[in-house]
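Hi there,

I'm handing over the structure we talked about, and I hope you enjoy looking through it. Have a look first, and then read on for what turned up.

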Amino acid sequence: DEPVDDEVLRAVLEAGRRSPSAKNWQRWDFVVITDADAKATMAETWPGAWFVVNAPVVVALVAPKVEPAMQLSVEYDLGQAAAAMLTAAADLGLGSGQSSSRNDELARSVLGFPDDRYCAHLLTFGHPADRPIRPIENPDRRPFDEVVHYGTW
C-alpha cells in the first residue's frame with residue numbers, strides 16, 4: 001500500500017531508458033500508471049495481468065509496430081529495458097512483477113498511445129508487504145554447471 005517515492009521511481013525508469021538496444025534505436029516508451037481505474041483496466045489486457053491492480057505503480061512498455069523481420073529485435077530490446085528496471089528496483093528495495101499485455105485497443109483506450117505502437121509488457125513496482133527485499137539464498141534455478149558450457153556443449 002505504500003507509495004513509491006518519485007526519485008526512486010525515476011531511478012528505475014532511468015535504468016530502463018539507459019539499457020542497451022539494437023543499433024541504439026531505443027524503440028520503447030514507458031507509460032507510468034498510478035490511477036486505480038487505469039490499473040484495473042490494464043489488468044484486463046492479459047489473463048496473467050490480474051496482479052497489476054494492487055501495485056502502487058505500473059509501467060507499460062510501449063513499442064513501435066515493425067515489420068515481422070524486426071519484431072524479435074524489438075522484443076529483445078524491451079526485455080533488456082525490463083530487466084534493467086527490475087534489477088534497479090530490487091537494488092532500491094522495491095518488489096516487482098511482470099506481465100504481457102495483448103489487448104492493444106483496451107490498452108490504447110487507457111494510455112492514449114498512437115496507432116503505430118503497441119503495449120507489449122506491464123511492470124509493477126511497490127514495497128513488499130511481508131519483508132524487505134533480500135537475496136534468495138537457494139533460488140529455484142538449474143545448477144550452474146548444467147547451464148554453462150565452455151567451448152562446446
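To start with one residue: is D115 buried or exposed? D115 is exposed, with a relative accessible area of 59%. Please keep in mind as you read that this is a predicted model.

D115 also has a charged partner. The residue in question is R108, and the closest N and O atoms of this salt bridge are 3.4 Å apart. R108 itself is buried, at 17% relative accessible area, so the bridge joins a buried residue to an exposed one.

A search of the whole structure gives 4 salt bridges. Another of them pairs R27 with D77, with 3.0 Å between the closest N and O atoms. R27 sits in the loop between α1 and β1 while D77 belongs to helix α3, so this bridge ties together distant parts of the chain, 50 residues apart. Here both partners are buried: R27 has a relative accessible area of 9%, and D77 has 0% relative accessibility. R142 and E146 form a salt bridge too, at 3.0 Å from N to O. R142 counts as exposed at 52% relative accessibility, whereas E146, at 41%, counts as partly exposed.

Now for the sheet. It is open and has 4 strands, in the order β1-β2-β4-β3, with antiparallel pairing. At its edges are β1 (29-33) and β3 (95-100), each of which pairs on one side only. From one strand to the next, the twist averages 25°. Between β2 and β4 there are 8 bridges in the antiparallel sense, and V62 has C119 of β4 as its bridge partner.

Two helices lie across these strands. α1 crosses β1, β2 and β4 and runs at about 160° to β1. α3 lies across β1, β2, β3 and β4, at about 15° to β4.

Finally, the nonpolar residues. The largest nonpolar core contains 21 residues, and V59, L61, L78, M85, L123 and F125 have the most contacts inside it. Two or more residues come from each of α1 (6-17), β2 (57-64), α3 (68-91) and β4 (117-126), with α3 giving the largest share, 7 residues. If you would like a residue to click on, try V59: beyond its neighbours within four places in sequence, V59 contacts L13, F30, V31, V32, H121, L122, L123 and F125. There is also a second, separate core of 15 residues, including A43, V52, A60 and L122.

Happy exploring, and best wishes!

Terms used. Residues numbered from 1 in each chain as written. Predicted model: local features only at pLDDT ≥ 70, side-chain atom pairs only at ≥ 80, totals over all residues. Heavy atoms only, no water. Core = buried A, V, L, I, M, F, W, Y, C linked by side-chain atoms within 4.5 Å. Buried < 20%, exposed > 50% of the residue type's maximum accessible area, 1.4 Å probe, protein only. Contact = heavy atoms within 4.5 Å. Pairing = 2+ DSSP bridges. Axes fitted to C-alpha atoms, helices over the stretch in contact; angles between N-to-C directions. Salt bridge = Lys/Arg side-chain N within 4 Å of Asp/Glu carboxyl O.
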